[in-house]
Amino acid sequence: MKKVAVVLSGSGVFDGAEIHESVLTLLALESHGLEYQCFAPNIEQMHVINHLTGEVAEGETRNVLVESARIARGDIKDLADANADHFDAAILPGGFGAAKNLSDFAVKGSDCTVNSDLVSFIKAFAKDKKPVGFMCIAPAMLPHIYGQGTQLTIGTDEDTAKAIEAMGGVHQACPVEDIVVDEANKLVTTPAYMLASSVSEAAKGINKLVDKIASMLK
């Protein structure tokens, strides 16, 4: 059975992994008969957001791995221990955690850096031409991993697209229900909640992304 690594970045759209995107990804993988293992870095979150008010919870700290375990129902491993040789593909759901915890794109934009364990892990997939899927804001990290000319989408947000272009990425505008495929890199991206106004809308692009990853694995 083919196995997919799913990298999470916390739990909750404003400071971690987008929960709907994460669960939809796991469901879509199972529907294709693909096994998966969740990972997250064992680091502190950039900050904690009160999702009821949208405000920063001053003085509160949370661990990205511990929070991601909520989504994975405890079946999750430290990203530092992940070995790309054990997997056929990788997928990263979005949420602000991708831009705050896996990288600092939310703060530094095109001057951002990306978590070194994540870079090493995904670069191993790139080296072996294994398919990788990124969704929502997560594709903003891709130029740092795949280099100049990487084709990707975060949807239609012009400012984010400009920052990606400044890093050397090639951004393609894309509707919520569609995907952008960089065939040379076996890289699939979709806007998800960068554009989605409902869980069913997000599901259309996410399902198409997983469909494409599954077809690449055949």
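Lys-129 sits in the loop that joins α5 (116-127) to β7 (132-135). The model is predicted. Lys-129 is not a glycine, yet its phi is positive, at about 55°. Its relative accessibility is 44%, so it counts as partly exposed.

A second non-glycine residue with positive phi is Ala-192, at about 45°. Ala-192 belongs to the loop between β11 (187-190) and α8 (199-217). Is Ala-192 buried or exposed? Ala-192 counts as buried because its relative accessibility is 0%.

**Loop residues**

The table sets out four loop residues and their accessibility.

| Residue | Relative accessibility | Class |
|---|---|---|
| Lys-129 | 44% | partly exposed |
| Met-141 | 1% | buried |
| Thr-156 | 45% | partly exposed |
| Ala-192 | 0% | buried |

Met-141 lies in the loop between β7 and α6 (142-146). A relative accessible area of 1% falls under the 20% cut-off, so Met-141 is buried. In space, the C-alpha of Met-141 is 7.6 Å from that of Phe-105. In sequence, Met-141 and Phe-105 are 36 residues apart.

Thr-156 has its place in the loop between β8 (151-152) and α7 (158-166). Its relative accessibility of 45% lies between the 20% and 50% limits, so Thr-156 counts as partly exposed. Thr-156 also has a partner that is distant in numbering: Pro-175, 19 residues apart in sequence. The C-alpha atoms of Thr-156 and Pro-175 are 7.6 Å apart.

**Aromatic rings and lysines**

How many aromatic pairs does the structure hold? There are five. In one of them, the ring centres of Phe-121 and Phe-125 are 5.0 Å apart, with the planes at 90°. Angles over 60 degrees count as edge-to-face, so this pair is edge-to-face. Both residues belong to helix α5. They are four residues apart there, about one turn of the helix. Phe-121 and Phe-125 are both buried.

The same two rings take part in an aromatic cluster. Phe-39 and Phe-87 join Phe-121 and Phe-125 in it.

Phe-125 also has a lysine over its face. That residue is Lys-130, at 5.6 Å from the ring centre. Phe-96 has a similar arrangement: Lys-100 lies over the ring face, at 4.9 Å from the centre.

**The largest pocket**

The largest pocket has a volume of about 160 Å³. Which residues line it? The lining consists of Val-13, Phe-14, Gly-95, Phe-96, Ala-99, Phe-105, Ala-106, Cys-136, Ile-137, Thr-160, Tyr-193 and Met-194. By class, 10 of these residues are nonpolar and two are polar. No charged residue is in the lining.

Two lining residues have appeared already. Phe-96 lines the pocket, and Lys-100 lies over the face of its ring. Phe-105 also lines the pocket, and its C-alpha is 7.6 Å from that of Met-141.

**The annotated domain**

UniProt, in an unreviewed entry, places the feature "domain: DJ-1/PfpI" at residues 15-155. Over residues 15-155, the chain is 33% helix and 16% strand. The C-alpha atoms at the two ends of this stretch are 20 Å apart.

Methods: Residues numbered from 1 in each chain as written. Predicted model: local features only at pLDDT ≥ 70, side-chain atom pairs only at ≥ 80, totals over all residues. Heavy atoms only, no water. Buried < 20%, exposed > 50% of the residue type's maximum accessible area, 1.4 Å probe, protein only. Phe/Tyr/Trp six-rings, centres within 6.5 Å; stacked < 30°, edge-to-face > 60°. Lys NZ or Arg CZ within 6 Å of the ring centre and 35° of its normal. 1 Å grid on protein atoms, 1.4 Å probe; cavity = no way out; pocket = protein on both sides within 12 Å on 5 of 7 lines; lining within 4 Å. Points joined across faces, edges and corners; volume = space filled by probe spheres on them. Nonpolar A, V, L, I, M, F, W, Y, C, P; charged D, E, K, R; others polar. UniProt positions renumbered as here; feature names shortened; annotations may be inferred.
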